[in-house]
Amino acid sequence: MTTFAVRPGSSRQLAGTGTLLRFALRRDRLMIPVWIAVNALMVLSMPNTLEGLYGTPAERADLIRQMATNSSLRAMIGPVFDDSLGALTAWRVGVYAGALAAVMSLLVVVRHTRDEEESGRQELVASGMVGRRASLTSALLAAAVANAVLALLVTAGLAGQGAVGALALGLGIAGVGMVFATMAAIVAQLTESARLARGLTAAVLGAAFVLRAAGDSARDDGSSTLTWLSPLGWLENLRPYADERWWVLGLLAAAVVLQGAVAYGLAGRRDIGMSFLPTRPGPATGRLGSAGALAWRLQRGGVLGWSIGFLLAGVVYGGMTEGAADLVGDNAGARRIFERMGGQSGLTDAFLASMVGMLGLVAALYIVASVLRLHGEETSGRAEPVLANAVGRLRWAAGHLVIAFGGSALLMLLAGLGFAVGYGREIGPILGACLVQLPAIWVIGGLAVLLIGVLPRAAAAAWGVAGAVLLIGWVGPALDVPQVVLDLSPFGHLPKLPGGEMEWGPVLVLLGLAVVLVAAGLAGLRRRDMTT
């Protein structure tokens with residue numbers, strides 16, 4: 001096992017950090033800008049949208065009264081602290097922007113720490129003039145650069161609503177991102193698998209969202225103990241545009257410093273490739289005797305986590321359906337947005353259709369992550385021993401693709417069951433609405449397969465496609481963008497269920513397109529050389 005020839009405590013511990021940082025930013029020159037763009041556009045689009053929805057003081061006062069009495073919507077979005085456009089923007093997208101910054105940060109840190117060790121590239125880097133903690137430092141700096149750019153864009157874009165509030169919101173979002181960046185740095189030292197490091201950190205983020213939601217549903221002023229246990233709750237209690245509590249930034253900074261110190265301490269106490277929680281070896285026969293069984297063993301944790309999340313999301317969204325109808329009330333602007341997202345049916349059906357569509361967009365992220373696991377096995381070198389046996393490439397790929405495409409169907413089925421439990425009625429139409437999202441999800445997955453098979457070095461571009469689709473579906477209806485832009489997403493061609501008419505033509509076309517993309521990708525994989 002390679003170790004560093006640098007004494008602990010030496011100034012050479014950080015040698016080569018600048019070079020590694022430039023390399024990390026170059027490798028992520030697509031992923032980081034996409035995440036930043038999606039997050040920034042989501043935030044910056046809100047003031048104009050909210051001005052159209054709640055343009056008068058009376059409408060804003062009514063909104064505040066409704067949120068004070070609607071615990072289900074507070075759990076989803078959070079409490080409102082002021083009726084200015086800036087405060088409403090922070091209320092509407094602050095928590096979600098913080099969560100997106102957290103996801104971006106944990107992906108960047110794990111990619112440039114544990115991923116590098118798992119692939120063996122870190123050993124080559126360590127053999128040069130590189131300090132022991134240079135890789136960890138460069139990963140955290142890459143996350144810091146990404147969050148700083150995001151904070152700058154948010155601050156500059158919302159300065160017209162008030163520079164002080166814009167600065168508070170930008171710093172709060174970036175602070176949450178860095179909290180989860182340093183948390184990912186700790187988890188990357190504890191685990192031997194990059195997949196497990198991402199999954200555990202994402203689970204902590206999910207727990208933070210649940211704690212914040214539970215606290216906000218109990219109190220309408222963000223003062224619940226559960227809210228304060230969550231970094232997302234800290235962002236909320238920073239209160240941008242509502243008599244900012246600047247001392248809350250101290251909590252975020254303290255968490256970053258403390259977790260960073262723990263990560264650095266752990267990094268100095270282990271060899272490259274090792275971990276404090278080593279992976280337990282499994283059997284080579286029996287349950288792992290086939291390529292499909294191995295694929296399931298590698299991805300079952302992710303499938304389980306996503307499944308639980310979708311089931312709970314369905315229950316929560318189903319439970320707030322009636323409350324959402326009360327909140328929209330006679331607001332023509334809000335009704336128009338729901339109708340663009342969910343169809344021209346009644347408001348309740350339109351809300352259900354819009355929420356189902358949102359979960360479909362999130363499921364597209366799952367299928368991209370699951371399909372790209374195939375590429376990860378190839379580039380890490382773990383696919384070669386499998387293919388050296390009596391296992392063909394198509395059979396090897398099929399194991400992962402069954403989990404990716406079948407797993408997305410499972411997620412939407414569980415979401416439908418969750419909606420039925422939360423809403424308490426119409427289980428058939430709601431299940432149908434969830435399952436009709438699958439053709440669009442599978443098109444995104446098919447595109448990822450095509451990139452792996454034909455352009456493996458550009459496989460990460462699948463994240464950019466999924467991010468663009470998410471942005472169109474999430475922000476497009478609120479910005480009243482032309483229908484031709486909405487139609488760029490495969491989700492824009494699906495029938496709006498429940499409440500709308502079932503149209504089989506677009507569904508069958510999307511299914512056919514998904515089949516063609518997968519077939520072309522598998523054909524390319526079968527013919528090209530394997531990469532490492």
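A cavity is here a set of grid points where a 1.4 Å probe fits but cannot get out, and its lining residues have an atom within 4 Å of such a point. In this predicted model, the largest share of the lining of the second largest cavity, five residues, comes from helix α6, which spans residues 85-111. Helix α6 also gives the most to the largest nonpolar core, with 18 residues, and S105 has its place in this helix.

**The second largest cavity**
- The structure holds four cavities of 30 Å³ or more, and the second largest has a volume of about 130 Å³.
- Its lining is made up of 15 residues, of which F81, A90, W91, E236 and P240 are the closest to the centre.
- Two or more lining residues come from each of α6 and α13 (231-237).
- By residue class, the lining divides into 11 nonpolar, two polar and two charged residues.

**The largest nonpolar core**
- This core has 140 residues, and those with the most contacts inside it are V43, I173, V371, W396 and F419.
- Leaving aside residues up to four places away in sequence, I173 touches V43, G94, A97, G98, A101, N147, L150, V154 and L235.

**S105 and its surroundings**
- S105 counts as buried because its relative accessible area is 1%, where the cut-off for buried is under 20%.
- The side chains of S105 and N147 are joined by a polar contact of 2.9 Å.
- With residues up to four places away in sequence not counted, S105 touches A143, N147, G177, M178 and A181.
- N147 is also among the residues that I173 touches.

Conventions: Residues numbered from 1 in each chain as written. Predicted model: local features only at pLDDT ≥ 70, side-chain atom pairs only at ≥ 80, totals over all residues. Heavy atoms only, no water. Helix = DSSP H or I, 4+ residues; strand = E, 2+ residues; numbered from the N terminus. Buried < 20%, exposed > 50% of the residue type's maximum accessible area, 1.4 Å probe, protein only. Polar contact = N/O pair within 3.5 Å; in protein donor to acceptor, adjacent residues only side chain to side chain. Contact = heavy atoms within 4.5 Å. Core = buried A, V, L, I, M, F, W, Y, C linked by side-chain atoms within 4.5 Å. 1 Å grid on protein atoms, 1.4 Å probe; cavity = no way out; pocket = protein on both sides within 12 Å on 5 of 7 lines; lining within 4 Å. Points joined across faces, edges and corners; volume = space filled by probe spheres on them. Nonpolar A, V, L, I, M, F, W, Y, C, P; charged D, E, K, R; others polar.
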